[in-house]
Amino acid sequence: MGRGKIEIKKIENATNRQVTYSKRRNGLFKKAQELTVLCDAKVSLIMFSSTGKFHEFLSPNISTKGFFDLYQKTTGIDLWNSHYERMEENYRSLKEINKKLRREIRQRMGGDLNELNIKELQALEAKMDSSLLAIRERKVRNLEERHANLVMDLEAKLDGQDGIVETGGYYESTMGLLPTGASNLYALRLYQNQQPPLVIHHGTNDLRLA
């Protein structure tokens with residue numbers, strides 16, 4: 001009995017589909033090799049599986065570039081022209097963007113302003129105000145983070161001490177715990193908070209200054 005006719009349609013089972021692809025791909029490559037040897041033909045096969053895996057066969061008597069050059073010469077189709085045009089278009093676009101950015105930088109530094117009308121000057125001023133506000137906010141955030149880190153570091157070191165020296169000794173102890181280059185304002189504030197209140201005697205009344 002002969003082999004039954006196979007219905008040509010997509011194989012739904014992924015495993016069976018991959019097995020069939022591998023077998024038939026190898027069969028095609030074998031036939032291409034036979035054509036190359038028996039008929040001195042130049043054969044090129046390019047295949048992509050359903051998973052995107054690339055497979056290629058090229059006759060050993062020709063290079064990939066030589067094959068495409070031969071295709072262009074025979075068909076009269078320029079395969080690279082459209083690609084070159086897209087590259088040129090992309091280059092022109094990037095060049096124009098770079099030109100605009102350089103001009104905007106010069107304008108923000110006070111140059112090339114004579115070319116701008118009132119609306120463009122107002123727009124430039126608004127951009128600069130927005131940029132300055134963003135810079136200020138970023139600096140404030142950085143300072144707040146640095147201050148919080150210094151406070152946390154100082155509190156951790158103070159927690160590790162056995163005790164706190166009263167009055168003047170507290171200031172020196174605190175200064176020694178601050179990281180190198182840190183602001184002395186925090187230590188001074190802590191020192192002032194530890195000072196005893198000042199009492200001024202006036203007759204029978206005492207005036208207490210915190």
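Biologist: What percentage of the 210 residues in the protein chain do buried residues make up, and what makes a residue count as buried?

Modeller: Buried residues account for 12% of the 210 residues in the protein chain, and a residue earns that word when its relative accessible area is under 20%. This is a predicted model, and the protein chain in it exposes about 17,700 Å², of which carbon and sulfur atoms supply 56%.

Biologist: How many helices and strands are there in the protein chain, and in what order do the elements run?

Modeller: The protein chain has 6 helices and 4 strands, and from the N terminus on they follow the order α-β-β-α-α-α-α-α-β-β. Among its contacts between residues at least 6 apart in sequence, 23% join residues at least 24 apart.

Biologist: Why is His 55 called buried?

Modeller: The relative accessibility of His 55 is 14%, and the limit for buried is under 20%, so His 55 falls on the buried side. His 55 has its place in strand E2, and once neighbours within four places in sequence are left aside, it is in contact with Tyr 21, Arg 25, Phe 29, Leu 45, Ile 46 and Met 47.

Biologist: How do you know that the side chain of His 55 makes polar contacts with the side chains of Tyr 21 and Arg 25?

Modeller: The distance is 3.2 Å for the pair with Tyr 21 and 3.0 Å for the pair with Arg 25. A polar contact asks for N or O atoms within 3.5 Å, with one able to donate a hydrogen and the other to accept it, and therefore the His 55 side chain is assigned a polar contact with Tyr 21 as well as one with Arg 25.

Biologist: Why does Phe 54 count as partly exposed, and which strand is it found in?

Modeller: Phe 54 is found in strand E2, which covers residues 54-58. Its relative accessibility is 43%, and partly exposed is the class between the buried limit of 20% and the exposed limit of 50%, so Phe 54 belongs in that class.

Biologist: What makes the aromatic pair of Phe 48 and Phe 54 tilted?

Modeller: A search of the whole structure finds 2 aromatic pairs. One of them is formed by Phe 48 and Phe 54, with 5.2 Å from centre to centre and 45 degrees between the planes. Ring centres must lie within 6.5 Å, and planes under 30 degrees apart would be stacked while those over 60 would be edge-to-face, so the pair of Phe 48 and Phe 54 is called tilted. As for accessibility, Phe 48 is exposed at 56%.

Biologist: Which residues make the nonpolar surface patch of about 330 Å²?

Modeller: The patch is made by Ile 46, Phe 48 and Phe 54. Membership needs over 30% relative accessible area, a limit to set beside the 56% of Phe 48 and the 43% of Phe 54.

Biologist: How do you know that Asp 69 and Lys 65 meet in a salt bridge?

Modeller: Side chains of opposite charge can pair when their charged atoms come close. For Asp 69 and Lys 65, the N to O distance is 2.8 Å, and the cut-off for a salt bridge is within 4 Å, so the side chains of Asp 69 and Lys 65 are counted as a salt bridge. Both residues lie in helix H2 (residues 64-75), 4 residues apart, about one turn of the helix. Asp 69 is partly exposed at 32%, whereas Lys 65 is exposed at 60%.

Biologist: What joins Glu 88, Glu 89 and Arg 92 into one network?

Modeller: Arg 92 forms a salt bridge with Glu 89, the closest N and O atoms being 2.8 Å apart. Salt bridges that share partners are what join Glu 88, Glu 89 and Arg 92 into one network. The bridge from Arg 92 to Glu 88 has its closest N and O atoms 4.0 Å apart, and Arg 92 and Glu 88 both lie in helix H3 (residues 81-108). By this rule the count comes to 3 salt bridges.

Biologist: Why is Asp 40 called exposed, and where is it found?

Modeller: Asp 40 is found in the loop between helix H1 (14-39) and strand E1 (44-48). Its relative accessible area is 56%, and exposed means over 50%, so Asp 40 is placed in the exposed class. Asp 40 also has a positive phi of about 50 degrees, although it is not a glycine.

Definitions and conventions
Residues are numbered from 1 along each chain as its sequence is written. This is a predicted model: local features need pLDDT of at least 70, side-chain atom pairs count only at pLDDT 80 or more; totals for chains, interfaces and linings use all residues. Side-chain values use heavy atoms; hydrogens and water are left out. Patches are made of residues with over 30% relative accessible area and no salt bridge: like charges are joined within 9 Å, nonpolar side chains (Val, Leu, Ile, Met, Phe, Trp, Tyr) within 5 Å. Accessible areas come from the Shrake-Rupley method with a 1.4 Å probe; for residues, only the protein chains shown count as cover. Helices (H or I, at least four residues) and strands (E, at least two) are DSSP runs, numbered from the N terminus. Buried means under 20% relative accessible area, exposed over 50%, partly exposed in between (1.4 Å probe, protein chains only). Contact means heavy atoms within 4.5 Å. Rings of Phe, Tyr and Trp (its six-membered ring) pair if their centres lie within 6.5 Å; planes under 30 degrees apart count as stacked, over 60 as edge-to-face and the rest as tilted.
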